[in-house]
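Work through the exercises below with the sequence and the model open beside you. Each task is followed by a solution in steps.

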Amino acid sequence: MTYETPAPVIDRRTFVKSALAVGAATVASPYVVTARAADVIKIGFANPLTGPYAAYGKNETVGCQLAIEEINAKGGILGRQAQLLIEDSTSGDAGTAVQKSRKLIERDHVDFLLGNVNSALALAMAGVSSEKGILHIVPGGHTDAITGSSCHWNVFRVCNTTQMEAAAVAATLVKAYGKKYYYITPDYAFGHTLEAGMIKAIKKLGGERVGGDLTPLGTVDFSSYLIKAQAANPDVIIFLVQGDDALNALKQAVQFGLEKKVHLAGAQVELEVIEGLPPEARIGTWVAEWYWNQPGVPHVQEFIDAIKKKTGRMPTARHWFGYVAGWTCALGAEKAKSLKAIDVAKALQNFELPPEIALGPNKAVYRANQNQLMATLYVGQAQAKGSAPDDLFKVLQTFNGADIADSVEESGCKMSWPT
Amino acid sequence: MNARRRALDVAVIAALVTMPFWMAEIGGYTELASRILVMGLAAMSLNFFLGYTGVLSFGHAAYFGLGGYGAAMAIKYLGLGTLPAIALGAVVATIAAAVIGALIVRRRGVYFAMVTIAFGQVFYFIAFRWSAVTGGDDGLSGWRRLPIDFGFATLKIEQNDKAFYYFVLAVFAVCVAAMARLIASPLGRSFVAIRENERRARFLGLDIERRIWLSFVISCFFVSIAGGLYALLNNFIDPRALRFDLSGNLVIMAVMGGMRSFWGPLFGAAIFVALQDFLSSRTENWMFLIGLVFVLVVRFFPRGLLGMLTRGAAA
Amino acid sequence: MTQLILFNVFNGLIVGAFYALMALGLSLILNLSGVINFAHGGFLALGAYFAYALIPYVGFWGALVVSPILTGLVGLVVERVLIRPLYGGDPLYGLLLTFGLAYMIQDGIKYVWGSQSLPFKAPVWLMTSLSSDYFFLTGYRVFMIVIVTAAVAALFGVLGFTRLGMRIRAGTRDLETVSTLGVNTRLLRSLNFGLGVYIAGLAGVLAAGQLGLAPTMGDNLIMPSFVAIIVGGLGSLVGTLLGGLLIGVASGLTAVYWPPATEAVIYAMMGLVLLVRPRGLLGEEGRLH
């Protein structure tokens, strides 16, 4: 079939002239990296800034930005100022994440690579960072493999493993609510490992799995799964779904009035998700990886004030992840007195974060030969209203990650160091 | 006009052969150059169907992705070398294209486009859900590109970005040369005839459906090779490579560069990839700007860059 | 087990009704203007966010009325400025333009309201279930069925009994003749587009009560709409309605027996229809070109 190509509005001459002008401007613009300041230490952060994980990704980069500002105010890293280069990895496109990682490493010559919220992208980026021998910190990607079966000497992780999260919340649930559990699990690696961890932890305490469903990512309507869940007659329905899926599932569960018959709970929860729920749906027992309302823990208020000043809102766990990641780079380099990845990595083995970074009741230590941060886990309940408008989570009990984590052998991490 | 075309061919070849060297000067990096080649090949393959045969497919990403998954799985599960892996991906994707092409070849226009989109999504879902094999949403990782052993020499494409770029360039050159040959052949001429006036072509005795099917399959074959290269480029493949977003991006590359010109889609790919890379570093709202580019191209530059510059030249 | 099946069929109809609403808007635009509106999901999200913004001023019911109108107005502007110049041209350009528009709308929403999901406050009395046995029959879902039914009835009423509707239907068959009969086809296409977008906006307000309010909320809804149109048949609105309901029920049933296949099943249906009856269940012969 032939169609008339719509007649262009601009004629050819004008187009060519304007194209040349645009082209010249582009080439002459800052895209052309001119003399790079040799005395700036660059930290590259490739995180989702668009797509479903944009809110988490953004908050992590903001937390990291705060860390960099504080570091620079205290004299920088090894006497040199630090600069944070932020790139959008997108929420799911591994190609872009890899591309940005390579860009940061090859073109921008970063000394440290940070990222990613999306576990799969974190793994893809770890492939690049290991290939190039760059120190890589994963602030908020949860799949166990990052410090487990796919661990590398140069990759460190701030947030908890799914196994740790499961172990933390299981005890509270079995003690308070019963032994029969139904699982609503997102169908991807993170969901699978989280469910496996929960089943194992709950079984150890005498609970059993009476049924469950693997829900596709991006499921809009959870009714069929909720109908099935209710029919199985459990004591607790465990929601392992995250982000928008969690929003949909919980909203719908509360509309069905399920919380009146069965207890709703889950593992990892984010303040960003609770905020997105209507007040009547802010319920359930969960584990958070960091929470702002910690009376009696020093330095937390300073962090809250700093983040509030920057963003106008209370910090979430994601802000804290990014903050820790940024500071880890500086502290590791200071201890190693070097920027070389191998030296910093060695310096970070069993490294304990100072209290003003750890911001929790327990110590925060990067466990040796696994590079996994062992900090505090907070088990609690979502609430519609707390002591302040943003106080949407009531902490019932805290756990020390080091006490409940699997051993390094059990995690499957066999770390090999370059000679 | 022929001389002008020759000059353009020479200029493009020269630019591509030397790209890793001048890329860094303008703020690029070798990997970006490889990416431009891969996307350029994909866009040119799509254009074989879209620009030369005149049929709108919005589902080419499916075959791109299949080529990628085929290659990745060949390396991960079967331990094949680089070239056999790409070949396997191409075979799988081409078979799929042949089957689906046969199903949809009677439709045209908007309906054909919709159906290509919908079938593309089928593959996306298979990749997404069959996580035991494809890795699901997490994608297929845990493999890397391997050095290519030619017997007399080894090309270390797994470590050396420049080596990989030249490997990609070599594959690109072979594919592009093949495409050019096909377009100049009687078969290729018949595709153009179909594009220009399908009814007349039918009256001339051409079997339209069969030729469109053939054009579709050939186009998908080349796109799947690009997909295999894409997987190697990232050492990773995930379902995003199959989504209709990518299909849309390939179409805009072809349009932006000029659908009626041979090298047009390569230019379109270069502009699009570089623009996206540039914009997403500068601002979080780059999606808005990219969307704006789509809109502006359609409204003001529908003939694309090369289309504008080579106005009046025969296709 | 039969109770489970029954619940899921019933539930599937509810979900299907929602899909049908989305698809009807898309179908309306496709039939008359030949444009595949990729931005349909974006307009849905826009409807939801407008409602969110309006609720503090006019309450939920006010937002339900006003937000789709606002969205429809945006649709009218878009049609006039961006889409109208493309009529009669290669459908490629319409597709590309709406594709880019979808990116722009999503990012625009993110720019204005942020990427953080926002809590949508629908009236609490709607948000409870009506019966203990049929607990999945919540007030909100009944409300949704009522609105969808009213909207669909109104749409078919407009199409069947008003002059505008008659012109749209005639234009779907043969726009050129309608034009020679003295009808302002430009205005007709604008109004038709606006109507389709209005429906998307309405679907958005309804969706906001059930789903999280995020800029990406329309992304997962556009594909089922496409499939509903293909299954039901291009050119037939009743077919689209039927297609939507069918895929809703199919998904619901599959969730009982084989949850991983819940989306695959709608594509399988599409494949089946294309093989056995390519014009769709109620599609018209000859609309395929």
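**Exercise 1.** Establish how many residues each chain brings to the contact, and how much area is buried.

*Solution.* Counting residues in contact (heavy atoms within 4.5 Å), one finds 50 residues from chain B and 46 residues from chain A. This is a predicted model, in which local features need pLDDT of at least 70 and side-chain atom pairs count only at pLDDT 80 or more, while totals for chains, interfaces and linings use all residues. Residues are numbered from 1 along each chain as its sequence is written, chains are lettered from A in the order in which they are written, and side-chain values use heavy atoms, without hydrogens and water. The buried area (the accessible area, 1.4 Å probe, that two parts lose on being put together, summed over both) is about 4300 Å², and carbon and sulfur atoms give 54% of that area. On the side of chain B, Tyr29(B), Asp138(B) and Glu284(B) supply 13% of the area buried against chain A, more than any other three residues.

**Exercise 2.** Find how many salt bridges link the chains, and examine the one made by Glu284(B).

*Solution.* With a salt bridge taken as a side-chain nitrogen of Lys or Arg within 4 Å of a carboxyl oxygen of Asp or Glu, the count between chain B and chain A is five. In one of them the side chain of Glu284(B) meets that of Lys58(A), at 3.1 Å from N to O.

**Exercise 3.** Locate the disulfide and state which parts of the chain it ties together.

*Solution.* A disulfide (cysteine sulfur atoms within 2.5 Å) joins Cys151(A) to Cys413(A), with 2.0 Å from S to S. Cys151(A) lies in the loop between β4 (135-138) and β5 (155-157) of chain A, strands being DSSP runs of E with at least two residues, and Cys413(A) lies in the segment after α15 (408-411), helices being runs of H or I with at least four, so the pair ties together parts 262 residues apart in sequence.
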